[in-house]
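Me: I'm new to this one, so could you walk me through it with a few questions and answers? Please show me the sequence and the model to begin.

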Amino acid sequence: VQLIYLQQSYLGIPVYNCIQVIALQNGKAVSVKGSRVAKIAEKAGLTDSTPVVSAGEAVSAAARELKIKQPVQIAVLRTDSRNRQVEFAPSGISRENITSRLFWVPTADGKVYMAWQVKILPQNSNAFWLVLVNAGDQTILGKDDLTLSCDWSRPQYETRIPAAREVPRSNPYGRSAQVVNSSRYRVIPF
């Protein structure tokens, strides 16, 4: 089986969460999963890939949203040749370097906005935040805490996983090739 991953982009900027996965077996597609934004040029309404808001301004907007102190000075460590991916020093607000990466972000209202995805790990917190800052006006399009927490003292939230079954060698995907874009995990009690 050969897997092909296609990242949708527009004007050289990737579209957030728009990846297609194609599984080929013996030269034929046995599964196509994922999503794409149709008519993205119309939905974005922009023909220029230059953001109004800088990567540094996006970091400040993300810090405001997360209610962490504003950095006094943000030092750029690295940037790509087009300033679409920028890495900053922790600047006293993050435990690790802060990154800003330009994406097109589809929203529930059917529009697509150019936005900075800011990755920040605030000081004095276990959180690892991804904040989507509109590259046109600094509004927050979304935020996700990537930190998962478990409470081992509350068994009512325990999930029982059925025993593993043998996966036939002829089909490495289990029941069908339809599950290429999903994941299964086995959880073993401590």
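Me: Which residue of β2 is the bridge partner of Y5?
Reply: Happy to help! This is a predicted model, where local features need pLDDT of at least 70, side-chain atom pairs count only at pLDDT 80 or more, and totals for chains, interfaces and linings use all residues. Residues are numbered from 1 along each chain as its sequence is written, and side-chain values use heavy atoms, with hydrogens and water left out. Strands are DSSP runs of E with at least two residues, helices are runs of H or I with at least four, and both are numbered from the N terminus; two strands pair if DSSP finds at least two bridges between them. Strands β1 (residues 2-10) and β2 (residues 13-25) pair in the antiparallel sense over eight bridges, and the partner of Y5 in β2 is V21.

Me: Which residue in the hairpin of β1 and β2 takes a positive phi?
Reply: The hairpin has two residues between its strands. The one with a positive phi, near 55°, is L11.

Me: Is S60 buried or exposed?
Reply: S60 sits in helix α2 (residues 55-65). Buried means under 20% relative accessible area, exposed over 50%, and partly exposed in between, using a 1.4 Å probe and protein chains only. With a relative accessible area of 17%, S60 is buried.

Me: Why is α2 described as largely enclosed by the rest of the structure?
Reply: Contact means heavy atoms within 4.5 Å. The cover over the buried residues of α2 includes β5 (85-88), as well as β6, β7, β8 and β9 (140-145). The helix is largely enclosed because the number of its 11 residues that are buried is eight.

Me: Which element supplies the largest share of the largest nonpolar core?
Reply: A nonpolar core is a set of buried Ala, Val, Leu, Ile, Met, Phe, Trp, Tyr and Cys residues joined through side-chain atoms within 4.5 Å. The largest one has 31 residues, of which W104 and V118 touch the most other members. Elements that each supply at least two residues include β2, β6 (98-106) and β7 (112-120). The largest share, six residues, comes from α2.

Me: Which residues of α2 does V118 touch?
Reply: Leaving out residues up to four places away in sequence, V118 has contacts that include I98, W129 and V133. Its contacts also include three residues that are buried in α2: A58, V59 and A62.

Me: Is V1 buried or exposed?
Reply: V1 lies in the segment before β1. Its relative accessible area is 53%, so V1 is exposed.
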